[in-house]
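I opened the model today to look up charge pairs, helix faces and core packing. My notes follow in the order I made them.

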Amino acid sequence: MSTALSHEAASPAPGNDTAELLAINQLRQKLVSELEDLEKTCGTLSREQVIVMLGQWFHPLHYFPVFLSRLISVAPEVPVQTFISKILWQELGEGDPIRAHEKIYIDTMLDGGFTEEHVAKAPPSPATQRLVDGYRNASQDYLTGLGFLYGTEVVDLPMVSTIGELMRRCTGKQDLEWVNVHVKQEPDHVESSHGTLNSPFTSDEQQHVIASAEDMWQLWSDFFKSIRSEILN
């Protein structure tokens, strides 16, 4: 069975001004609108077109656990480390490597008739490399990393929804385990990322977090624009 995913952001925790500002941020809303438009415009893609998308998505997927572990290492407070570590634990399979998101992603795509060479061996495009570099650089600074983390979690389901729907149209497969695990775990990820923003921030610190999330959303926008250009032109 296919699982419908919402493009709406989860509600921020009450009293969390930083999360509230990020949830209604225009750049986040712009990225979500671009994803909806991509899903509508693409129609049913060929396998060659879907391969382009899947191969590029693998790179940020592969790096995200590294980003999380590096962010834990620069987080100054144990509660924040705990919130991030829960996301990392789920990303890496909750103690079972077979359930790691990267493993589930590859297995889902193999089940759809694609090869590991297609899914996990494609070289990154310039836009993809800039995105991964953005995460790498953000993981070196606590506030920048928090912006990238929360910004990721409030757009992750719309991104997965778009890729999952385009894959369904191409392959005819409706039950995609890689999508299912996101539906199951993303509420925990959003809640945990909310928790990282519960610390009191100065006005300057809050603006730093917000600006970092905006930088990340722009990198993701460029990533999907690059894919769109390659598969539709």
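**Entry 1: a pair in helix 9**

I started with R169 and E165, whose side chains meet in a salt bridge at 3.1 Å, N to O. This is a predicted model, so I take the distance as computed. Both residues sit in helix 9 (residues 156–171). They are 4 residues apart there, which means about one helical turn lies between them. R169 is partly exposed, with a relative accessible area of 28%. E165 is also partly exposed, at 23% relative accessibility.

In general, side chains of opposite charge can pair when their charged atoms come close.

**Entry 2: the other charge pairs**

How many salt bridges does a search of the whole structure find? I get 9.

I followed K30 next. K30 forms a salt bridge with E34, and the closest N and O atoms are 2.6 Å apart. Both belong to helix 2 (residues 26–42), 4 residues apart, so about one helical turn separates them. K30 is partly exposed at 35% relative accessible area. E34 is partly exposed too, at 22%.

E34 has a further partner. It forms a salt bridge with K225, the closest N and O atoms being 3.9 Å apart. This pair links distant parts of the chain: E34 is in helix 2, K225 is in helix 11 (residues 203–232), and their positions lie 191 residues apart in the numbering. The cut-off for a salt bridge is 4 Å, so 3.9 Å counts. K225 is partly exposed, with a relative accessible area of 42%.

I went back to R169 and E165 and noted again that both are partly exposed, at 28% and 23%. Shared partners join K30, E34 and K225 into one network of salt bridges.

**Entry 3: helix 2**

I checked the length of helix 2. Its 17 residues should span 24 Å at 1.5 Å a residue. The end C-alpha atoms are 24 Å apart, so the two agree.

Which residues of helix 2 are buried? I list R28, L31, V32, L35, L38, E39 and C42. They cover an arc of only 115° around the axis, so they lie on the same side of helix 2. Q26 and K40 are exposed on the other side. The cover over the buried residues includes helix 1 (17–23), helix 9 and helix 11.

I then looked at both ends. At the start of helix 2, a side-chain oxygen of N25 comes within 2.8 Å of the backbone nitrogen of L27. Just after helix 2, G43 takes a positive phi of about 60°.

**Entry 4: helix 7**

I ran the length check on helix 7 (residues 126–138). The 13 residues should span 18 Å at 1.5 Å a residue, and the end C-alpha atoms are 18 Å apart, which agrees. The buried residues are A127, T128, L131, V132, G134, Y135 and A138. Their arc around the axis is only 150°, so they fall on the same side of helix 7. They pack against helix 3 (47–74), helix 8 (142–153) and helix 11.

**Entry 5: the nonpolar core**

In soluble globular proteins, nonpolar side chains tend to be buried together.

Which members of the largest nonpolar core touch the most other members? The core has 67 residues, and the answer is W57, F67, Y105, Y135, W178, W220 and F224. Helix 3 gives the most to this core, with 13 residues.

I picked Y135 for a closer look. Setting aside neighbours within four places in sequence, Y135 is in contact with Y63, F64, F67, F148, T152, M216 and W220.

**Entry 6: two single residues**

Most residues other than glycine have a negative phi. I noted E94, which is not a glycine and has a positive phi of about 55°. E94 lies in the loop between helix 4 (78–91) and helix 5 (101–111). At 33% relative accessibility, E94 is partly exposed.

Is V179 buried or exposed? It is buried, at 1% relative accessibility. V179 lies in helix 10 (residues 177–196). Its C-alpha atom is separated by 9.0 Å from that of T108, and the two residues are 71 residues apart along the chain.

Conventions: Residues are numbered from 1 along each chain as its sequence is written. This is a predicted model: local features need pLDDT of at least 70, side-chain atom pairs count only at pLDDT 80 or more; totals for chains, interfaces and linings use all residues. Side-chain values use heavy atoms; hydrogens and water are left out. Helices (H or I, at least four residues) and strands (E, at least two) are DSSP runs, numbered from the N terminus. Buried means under 20% relative accessible area, exposed over 50%, partly exposed in between (1.4 Å probe, protein chains only). The expected span of a helix is 1.5 Å times one less than its number of residues. The arc is that of the directions from the helix axis to the C-beta atoms. Contact means heavy atoms within 4.5 Å. A polar contact is a pair of N or O atoms within 3.5 Å; within protein, one must be able to donate a hydrogen and the other to accept it, and residues adjacent in sequence count only if both atoms are side-chain atoms. A nonpolar core is a set of buried Ala, Val, Leu, Ile, Met, Phe, Trp, Tyr and Cys residues joined through side-chain atoms within 4.5 Å.
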